[in-house]
Amino acid sequence: MPDPDPDTTALLTVECQNGVVGEESALPELAKEARDSGMLERVAALVDAARGAGVQVLHAVAERRPDGRGANGNARLFRAAERLPVRQLTGSRAVEVAAPITVAEQDLVLRRLHGLSPMAGTDLDALLRNLGVRTLVVTGVSSNIAVPNTVFDAVNLGYRVVVPADAIAGVPAACTAEVIRNSLSLVATITTTQALLDAWPVAGAAR
């Protein structure tokens with residue numbers, strides 16, 4: 001695994017919001033997998049460790065306006081989202097980062113109204129470059145769509161990407177392992193939460 005140097009590394013949580021992985025999720029099967037697998041607790045631990053080591057933490061949140069203005073309608077997923085009982089409306093509890101993950105004052109929260117990835121057509125790339133980030137640790141949901149899109153976009157933009165395999169989730173659970181094995185491992189460094197937790201205190205102590 002590349003050395004996750006705090007000066008050049010950022011940690012990104014993807015769609016770890018109440019309306020996706022919380023108890024009142026629009027996607028209860030995904031939320032259950034995120035909770036039951038321990039993914040949410042591991043992401044929370046990574047967030048805390050990253051801050052302690054001086055690693056920039058960013059949270060990517062997907063939301064939509066009540067009138068839907070600016071949102072995509074060019075795929076089944078987007079059209080289905082309009083009919084879900086819980087909508088990711090701007091300013092609502094659904095788009096707040098879900099417990100036990102916390103948001104600190106120094107974290108950056110990026111909100112998008114469109115697309116499948118927090119990287120495409122958003123401020124994320126510019127923010128990372130301004131911060132001097134070269135390595136991006138990607139966590140969150142889902143391994144079906146948003147996480148692979150984020151990883152591919154980041155790689156295309158020249159970042160080294162690290163994916164802790166036990167800090168992402170999708171449905172069915174077996175899909176995550178297959179996506180990691182057959183897709184993400186070809187373009188990103190696959191590691192574990194514990195490996196990053198072990199690395200960051202050392203990196204922080206060396207500063």
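Let's start with a pair of strands: strand 4 (residues 135-141) and strand 5 (residues 160-164) run parallel and are held together by three bridges. If you want a landmark for that pairing, look at Val137, whose bridge partner in strand 5 is Val162. Keep in mind that this is a predicted model.

Strand 4 is a good place to stay for a moment. It is mostly covered, with seven of its seven residues buried. You can see this on either side of the strand: Thr135, Val137, Thr139 and Val141 point one way, Leu136, Val138 and Gly140 point the other way, and all are buried.

Now step across to strand 1. Six bridges connect strand 1 to strand 4, and the two run parallel. Thr13 is the residue to find here, since it stands opposite Thr139 in strand 4. Thr13 also stands opposite His59 in strand 2, so to speak a handy signpost for moving on.Strand 2 is where that signpost leads. Strand 1 (residues 9-14) and strand 2 run parallel, joined by five bridges. Like strand 4, strand 2 is mostly covered: seven of its seven residues, 56-62, are buried. Gln56, Leu58, Ala60 and Ala62 sit on one side and Val57, His59 and Val61 on the other, and both faces are covered. On from there, strand 2 pairs with strand 3 (residues 108-112), again in the parallel sense and over five bridges. To spot that pairing, look for Leu58 and its bridge partner in strand 3, Leu108.

Just past strand 1, the loop that leads to helix 1 is worth a look. Glu15 is found in that loop, and its phi is near 55 degrees, a positive value in a residue other than glycine. Is Glu15 buried or exposed? Its relative accessible area is 13%, so Glu15 counts as buried. Gln17 is found in the same loop, between strand 1 and helix 1 (18-21), and has a relative accessible area of 0%. What does Gln17 touch, once neighbours within four places in sequence are left aside? Its contacts include Ala60, Val61 and Ala62, which you met above as buried residues of strand 2. Gln17 is also in contact with Gly22 and Gln88, and with the run Ala94, Val95, Glu96, Val97 and Ala98.

Follow the chain on from Ala98 and you come to a cis peptide bond, from Ala99 to Pro100, with omega near 10 degrees. Pro100 lies in the loop between helix 4 (76-81) and strand 3. There's another cis peptide bond to find, this time joining Val171 and Pro172, with omega about -10 degrees. Pro172 has its place in the loop between strand 6 and helix 7.

That loop also holds Gly170, which is buried at 0% relative accessibility. Where does Gly170 meet the rest of the chain? Not counting residues up to four places away in sequence, Gly170 touches Leu30, Glu33, Ser142, Ser143, Asn144 and Thr176. The Glu33 contact spans a lot of sequence: the two residues are 137 apart along the chain, yet their C-alpha atoms are separated by 7.1 Å.

Next come the helices on either side of this region. Helix 6 (residues 146-156) and helix 7 (residues 173-187) pack with their axes 9 Å apart and at an angle of about 20 degrees. That angle makes helix 6 roughly parallel to helix 7, and their crossing is left-handed. Which residues make the contact? From helix 6 come Val147, Pro148, Val151, Phe152 and Val155, and these meet Val179, Ser183, Leu184 and Val187 in helix 7. The residues of this contact divide into eight nonpolar, one polar and no charged.

Finally, zoom out to the whole chain. How many helices and strands does the chain have? There are eight helices and seven strands. Of the 207 residues, 46% count as buried. As for contacts between residues at least 6 apart in sequence, 79% join residues at least 24 apart. The pair Gly170 and Glu33 gives you one concrete example to look at, with their positions 137 residues apart along the chain.

Definitions and conventions:
Residues are numbered from 1 along each chain as its sequence is written. This is a predicted model: local features need pLDDT of at least 70, side-chain atom pairs count only at pLDDT 80 or more; totals for chains, interfaces and linings use all residues. Side-chain values use heavy atoms; hydrogens and water are left out. Buried means under 20% relative accessible area, exposed over 50%, partly exposed in between (1.4 Å probe, protein chains only). Helices (H or I, at least four residues) and strands (E, at least two) are DSSP runs, numbered from the N terminus. Two strands pair if DSSP finds at least two bridges between them. Axes are lines fitted to C-alpha atoms, for helices over the stretch in contact, and angles run from 0 to 180 degrees between N-to-C directions. Angles under 35 degrees count as roughly parallel, over 145 as roughly antiparallel, 65 to 115 as roughly perpendicular and the rest as oblique. A crossing is left-handed if the near helix is turned anticlockwise from the far one by less than a right angle, and right-handed if clockwise. Contact means heavy atoms within 4.5 Å. Ala, Val, Leu, Ile, Met, Phe, Trp, Tyr, Cys and Pro count as nonpolar, Asp, Glu, Lys and Arg as charged, and the others, Gly among them, as polar.
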